[in-house]
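Me: I'd love a close look at one residue and its surroundings in this protein. Could you start from its contacts and then work outwards to the rest of the chain?

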Amino acid sequence: TIASGSADKTIRLWDRASTKEIAVLKGHEVIVFSVAFSPDGNTIASGSYDNTIRLWDRASTKEIAVLKGHENYVTCVAFSPDGNTIASGSGDKTIRLWDRTSAKEIAVLKGHESWVDCVAFSPDGNTIASGSDDKTIRLWDRASAKEIAVLKGHEKEVISVAFSPDGNTIASG
């Protein structure tokens, strides 16, 4: 299954083999900027310019939770490798961590000086990378919710980050 988010306020699910649309998820009030599947494939997270993250049950396509806490657009969402934590980045310059089961906020990571455009978990789930309009990548310890490094070098916004499968390299764009 492929999930897409759109300016039409929807998340659409597509069957990869047939290329047919199989569901339309509605609930956001404005553009859906980011979508992510949980590692088990059962839950979809969506981040929107309505300042919320919504969780959806893939099988029933029903909304199961609305996560509120960001004070600006939610630009990115990612699941931890174990599927228990969701990271979200926002125009409010924060990364928030959420417990998938309770749908409660468990930490707020502060340090960026501008919008957070992207988040990614390391393969072991212990480190979070975030990229921002402030031209930095920041690394965070998941357990303590503390910043552990600031990577500088980009001359413009950092809009994508990814860990290598072994977790030793970070790619950014």
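Reply: Happy to, and please keep in mind that this is a predicted model. Let's begin with Arg-138, which is in contact with Gly-111, His-112, Glu-113, Ile-128, Ala-129, Ser-130, Glu-147, Ala-149 and Val-150, once its neighbours within four places in sequence are set aside. Arg-138 belongs to strand β14, which covers residues 136-141. Is Arg-138 buried or exposed? With a relative accessibility of 8%, Arg-138 counts as buried, because the cut-off for that class is under 20%.

Two of those neighbours deserve a second look, since the side chain of Arg-138 has polar partners there. With His-112 the polar contact is side chain to side chain, at 3.2 Å. With Gly-111 the partner is the backbone oxygen, which the side chain of Arg-138 reaches at 3.4 Å.

From there we can move to the aromatic rings. The protein has four aromatic pairs. One of them joins Tyr-73 and Trp-115 edge-to-face, with 5.4 Å from centre to centre and 70° between the planes. Tyr-73 sits in the loop between β7 (63-68) and β8 (74-79), while Trp-115 sits in the loop between β11 (105-110) and β12 (116-121), so this pair ties together parts that are 42 residues apart in sequence. Both partners are partly exposed: Tyr-73 has a relative accessible area of 31%, and Trp-115 has one of 25%. Ring pairs also bring in Phe-33 and Tyr-49, which form a cluster with Tyr-73 and Trp-115.

Next, the cysteines. How many disulfides does a search of the whole structure find? The count is zero. Cys-76 shows why: its closest cysteine sulfur is in Cys-118, 6.2 Å away, and that is too far for a bond, because a disulfide needs the two sulfur atoms within 2.5 Å. Seen from the other side, the closest cysteine sulfur to Cys-118 is that of Cys-76. Both residues are buried, Cys-76 with a relative accessible area of 5% and Cys-118 at 6% relative accessibility.

For another strand residue, take Val-24. Its place is in strand β3, residues 21-26, and at 31% relative accessibility Val-24 counts as partly exposed. Leaving out residues up to four places away in sequence, Val-24 touches Thr-10, Ile-11 and Arg-12. If you want a C-alpha distance to check, Val-24 and Trp-14 are 10 residues apart along the chain, and their C-alpha atoms are separated by 9.2 Å.

Finally, let's step back to the whole protein. Its secondary structure has 17 strands and zero helices. The radius of gyration is 15 Å, close to the 16 Å that the globule rule gives for 173 residues, so the protein is as compact as a globular protein of that length. The C-alpha trace spans about 40 × 35 × 30 Å along its principal axes. Of the 173 residues, 46% are buried. The accessible surface comes to about 8500 Å², and carbon and sulfur atoms account for 46% of that area. As for how the chain meets itself, 35% of the contacts between residues at least 6 apart in sequence join residues at least 24 apart.

Conventions
Residues are numbered from 1 along each chain as its sequence is written. This is a predicted model: local features need pLDDT of at least 70, side-chain atom pairs count only at pLDDT 80 or more; totals for chains, interfaces and linings use all residues. Side-chain values use heavy atoms; hydrogens and water are left out. Helices (H or I, at least four residues) and strands (E, at least two) are DSSP runs, numbered from the N terminus. Buried means under 20% relative accessible area, exposed over 50%, partly exposed in between (1.4 Å probe, protein chains only). Contact means heavy atoms within 4.5 Å. A polar contact is a pair of N or O atoms within 3.5 Å; within protein, one must be able to donate a hydrogen and the other to accept it, and residues adjacent in sequence count only if both atoms are side-chain atoms. The radius of gyration is taken over C-alpha atoms; the globule rule is 2.2 Å times the number of residues to the power 0.38. Accessible areas come from the Shrake-Rupley method with a 1.4 Å probe; for residues, only the protein chains shown count as cover. Rings of Phe, Tyr and Trp (its six-membered ring) pair if their centres lie within 6.5 Å; planes under 30 degrees apart count as stacked, over 60 as edge-to-face and the rest as tilted.
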